[in-house]
Amino acid sequence: MPQVRVHSDSDAAAAAVAHDIADLLITGQKAGRNVVLGLATGSTPLPLYRELVRLHREESLSFRNAVTFNLDEYEGLNGDHPQSYRRYMQVNLFELVDIPRSSTHVPDAVAADPDAACRAFEAAIVAAGGIDLQVLGIGRTGHIGFNEPPSGRHTRTRRVVLDEITRRDNAAFFGSVDSVPRAAVTMGVDTILGARRVALLAFGTAKAEVVRRAFTEKPNADCPATWLQEHSACTYHLDPASASLLKT
Ligand code: GLP
């Protein structure tokens, strides 16, 4: 089962995960090797990225040996679109630290051959040596990445149709629900479970019920986050509100 850490608030949770990432980067630099990070978007990881930028600016943490793979991207949005996850990553992390652009990967959701692009994304993860630490949020539908229900245990990077709840939850970013893309490209459950470590962040009362489901339901495709129970090194970093329905 995943470990649970309930932090005093979201900033404390973000600091703990940022500390783990900094440790990996520094250890990698000493050993002369790259560190492969799986990254998430949405509102939840924003305090994590703020803390990583602070560590870079104030404590000289370098990202020169980081290689990153983002979980997902909205179908049809290229990297210049203000709501694309590529843009989100540029603005919130990549342009604020010293990571080479060529070391950052976001699924290609405008590819002429989407299946080939998904296969190439998976191959790039393998070529990089696999993901050392995957950062995750969780959607109220139980999705991780954009693996909406139903998403089976053995899914890989692919096109998915977004749940209406997810589109409503993201409407504020796009101005209206009708402007939210209807599909996305996401790493699969199997891709995520392939990471050596997983750190899932969830904050606020709106996530309490899905966090409870992720822990109490047997692993099943209708709540894809339940598959994380099969990972041997997964930690949930929660605040008191998102942990409120868990009996710990
Ligand atoms: C988004 C992302 C997920 C994210 C989740 C929760 O739409 N694709 O990777 O974890 O839904 O979002 P938020 O952190 O804004 O609640």
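Which residue in S6 does Gly-38 stand opposite? In this predicted model, the residue facing Gly-38 is Gln-134 in S6. The pair is a useful way into the structure, starting with the strand that holds Gly-38.

Strand S2 covers residues 35–39, and five of its five residues are buried. The covering applies to both faces of the strand. On one side the buried residues are Val-35, Leu-37 and Leu-39. On the other side they are Val-36 and Gly-38.

S2 has strand partners that can be traced in turn. Strand S3, made of residues 66–70, runs parallel to S2 and is joined to S2 by five bridges. Within this pairing, Val-36 stands opposite Val-67 of S3. To get from S2 to S3, the chain passes through helix H2, residues 46–59. The resulting β-α-β crossover is right-handed. Strand S6, residues 133–136, is also parallel to S2, and two bridges join these strands. The facing residues named at the start, Gly-38 and Gln-134, belong to S2 and S6.

The next stop is the ligand. Among the residues around the ligand are Gly-42, Ser-43 and Thr-44. Further along the chain, the set includes Asp-72, Tyr-85, Gly-137, Ile-138 and His-143. Gly-145, Phe-146, Asn-170 and Lys-207 also belong to the set.

Some of these residues place polar atoms beside oxygen atoms of the ligand. For Ser-43, a polar side-chain atom lies 2.8 Å from a ligand oxygen. For Thr-44, an N or O atom of the side chain is 2.5 Å from an oxygen atom of the ligand. Ile-138 differs in the part of the residue involved: a backbone N or O atom lies 3.5 Å from a ligand oxygen. On its own, the ligand has 390 Å² of accessible area, and the protein covers 92% of this area.

One residue around the ligand, His-143, can be followed in more detail. His-143 sits in the loop between S6 and strand S7, which spans 158–161. Is His-143 buried or exposed? Its relative accessible area is 10%, and the cut-off for buried is under 20%, so His-143 counts as buried.

The side chain of His-143 also takes part in polar contacts. One, of 3.2 Å, joins it to the side chain of Thr-141. Another, of 3.3 Å, links it to the side chain of Thr-166. Leaving out residues up to four places away in sequence, His-143 touches Gly-137, Ile-138, Glu-148 and Thr-166. Of these, Gly-137 and Ile-138 are also among the residues around the ligand.

How values were computed: Residues are numbered from 1 along each chain as its sequence is written. This is a predicted model: local features need pLDDT of at least 70, side-chain atom pairs count only at pLDDT 80 or more; totals for chains, interfaces and linings use all residues. Side-chain values use heavy atoms; hydrogens and water are left out. Buried means under 20% relative accessible area, exposed over 50%, partly exposed in between (1.4 Å probe, protein chains only). Helices (H or I, at least four residues) and strands (E, at least two) are DSSP runs, numbered from the N terminus. Two strands pair if DSSP finds at least two bridges between them. A crossover is right-handed if, with the strands pointing away from the viewer, the path from the first strand over the helix to the second runs clockwise. A residue is near a molecule or strand if one of its heavy atoms lies within 4 Å of it. A polar contact is a pair of N or O atoms within 3.5 Å; within protein, one must be able to donate a hydrogen and the other to accept it, and residues adjacent in sequence count only if both atoms are side-chain atoms. Accessible areas come from the Shrake-Rupley method with a 1.4 Å probe; for residues, only the protein chains shown count as cover. Contact means heavy atoms within 4.5 Å.
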